[in-house]
Amino acid sequence: MNPVLADLPTTIFTVMSGLARELGAINLGQGFPDDPGPEDVRRRAAEAILHGDNQYPPMMGLPGLRRAIAAHYAHHQELDLDPAAEVMVTSGATEAIAAALLALIAPGDEVVLFAPLYDAYLPLVRRAGGVARIVPLQPPHFRLDADALAEAFSDRTKLVVLNNPLNPSATIFGREDLALLASFCTRHDVVAICDEVWEHIVFDGARHIPLMALPGMRDRTVKIGSAGKIFGLTGWKVGFVMAAPALLRVVANAHQFLTFTTPPALQEAVAYGLAKDDAYFTGMRARFAASRDHLATGLAARGFRVLPSHGTYFLNVDLAPLGCNDDVAFCDDLVRRHGVAAIPISAFYPDASVRHLMRLCFAKADDVLDRALDRLATVA
Ligand code: GLN
């Protein structure tokens, strides 16, 4: 096969959303809420488009947004970030990840990744010339393991990429896992890119711990966040990168050649939204947790085994009790014959070693979830 095609396959999200559209299926595949998002934030963007400046904003982001981001993380995660030197705005978290990988990998550098891995990571690492060392995490707990880390890290390791909370497993790395990873990063002098886009969407009283806050990690972590996730406005593509000045400068040099900047009206609206009070964030978590419970209870009542979801918009269904060990075939059949789109988890394991789970997005109105449950009733 043409090496470009092999390296840059069509993402599972495009594939499943395409099938859902074509077949008129209920799309519980690609993760996005069906709710329109906070009206005041959207209104703010509309007003900024009509009455504000629509020319190139500064490459690093609007100063007001950079200040709002620093204030937001000071309040929610007790981080002390200098908005002028340690915060940059990007066109979505995926751009932030791409900028960080392009900036920090020299050809031949080893990069430690964990599977399940978000499908953008590996093609970007490889295109940047990195050599991926993939550590598979095992369901249902998806915890880090000291022996596996010891095998993956070496003198050649330059970077590690962690997603916390973890999509698609809907698990959270707590202090113990993070401390273990931090010990490897400090021992091997490795920079960590921590994709924390789900940081606000954690349930049952869990608290997100930023990797950057672990001892020894402040100056070696590139933290990535997403306004699309914080406000349920996934199409806005406004992301943030936070890192110590020397690290951020290098990432900014890559960002300037990728998108250079991000629509100013959206930046203004995000700056406004980030200052929302705690009630907004607790309310959002409570609504998502209620949707999670609605879908999980409905699935269990219809004979499915559901894995616990501690964060993100997702939950996983174990297909093994249904005698299935081919999630791709299962999801293909599900969308074609039953009209529900899901994501096969093997898409997140480059060696397809885990093939008995499917991910469903519960960030939908109850009646949509109910219709999906009706369609699933005859499956299990
Ligand atoms: N983050 C979204 C998900 O996991 C997908 C984003 C995309 O479509 N590329 O569903």
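Q: Which residue in β13 is the bridge partner of isoleucine 343?
A: Arginine 359 is the partner. Keep in mind that this is a predicted model.

Q: How many bridges join β12 to β13, and are the strands parallel or antiparallel?
A: Two bridges join them. The strands run antiparallel, with β13 covering residues 357-361.

Q: What's the strand order in that sheet?
A: The order is β9-β10-β13-β12. The sheet is open, has four strands and pairs antiparallel.

Q: Which are the edge strands?
A: β9 (305-306) and β12 (343-344). Each of them pairs on one side only.

Q: Which strands of the sheet does α12 touch?
A: Helix α12 touches β9, β10 (314-318) and β13. Its direction makes about 15 degrees with that of β10.

Q: OK, helices next. At what angle do α12 and α14 pack?
A: About 15 degrees, with the axes 10 Å apart. Helix α12 is residues 278-301, and helix α14 is residues 366-376. The angle falls under 35 degrees, so α12 is roughly parallel to α14.

Q: Left-handed or right-handed crossing?
A: Right-handed, as α12 passes α14.

Q: Which residues make the contact?
A: From α12, Ser291, His294, Leu295 and Gly298. From α14, Asp366, Leu369 and Leu373. The contact residues divide into three nonpolar, three polar and one charged.

Q: Switching to the seven-strand sheet. What's the order there?
A: The order is β2-β8-β7-β6-β5-β3-β4. This sheet is open too, and its pairing is mixed.

Q: Why is one side of β2 and of β4 left without a neighbour?
A: Both stand at the edges, each with a single partner strand, so one side of each has no neighbour in the sheet. β2 is 87-90 and β4 is 131-136.

Q: How many degrees does the twist average?
A: The twist averages 20 degrees from one strand to the next.

Q: Zoom in on β6 and β7. In what sense do they pair?
A: Parallel, over four bridges. β6 spans residues 191-195 and β7 spans residues 221-226. One pairing puts isoleucine 193 opposite valine 222 of β7 as its bridge partner.

Q: Which strands does α10 lie across?
A: Helix α10 (residues 245-258) lies across β2, β6, β7 and β8 (239-242). It runs at about 20 degrees to β2.

Q: And α5 with α10: at what angle do the axes cross?
A: Roughly 120 degrees, and the axes come within 8 Å. Helix α5 is residues 93-104. The crossing is right-handed.

Q: Which residues make that contact?
A: On the α5 side, Glu95, Ala98, Ala99, Ala100, Leu102, Ala103 and Leu104. On the α10 side, Val250, Val251, Asn253, Ala254, His255 and Leu258. They divide into 10 nonpolar, two polar and one charged.

Q: What about α4 and α11: how do their axes cross?
A: At roughly 25 degrees, coming within 9 Å. Helix α4 is residues 63-77 and helix α11 is residues 264-274. These two are therefore roughly parallel to each other. Their crossing is left-handed.

Q: Which residues meet there?
A: Gly64, Leu65, Ala68, Ile69 and His72 in α4 meet Gln267, Val270, Ala271 and Leu274 in α11. The split is six nonpolar, three polar and no charged.

Q: Last topic. Which residues are around the ligand?
A: Thr11, Phe13, Gln30, Gly31 and Asn167.

Q: How does that shell divide into nonpolar, polar and charged?
A: One residue is nonpolar, four are polar and none is charged.

Conventions
Residues are numbered from 1 along each chain as its sequence is written. This is a predicted model: local features need pLDDT of at least 70, side-chain atom pairs count only at pLDDT 80 or more; totals for chains, interfaces and linings use all residues. Axes are lines fitted to C-alpha atoms, for helices over the stretch in contact, and angles run from 0 to 180 degrees between N-to-C directions. Angles under 35 degrees count as roughly parallel, over 145 as roughly antiparallel, 65 to 115 as roughly perpendicular and the rest as oblique. A crossing is left-handed if the near helix is turned anticlockwise from the far one by less than a right angle, and right-handed if clockwise. Two residues are in contact if their C-beta atoms, placed from the backbone, lie within 7 Å. Ala, Val, Leu, Ile, Met, Phe, Trp, Tyr, Cys and Pro count as nonpolar, Asp, Glu, Lys and Arg as charged, and the others, Gly among them, as polar. A residue is near a molecule or strand if its C-beta atom, placed from the backbone, lies within 6 Å of it. Two strands pair if DSSP finds at least two bridges between them.
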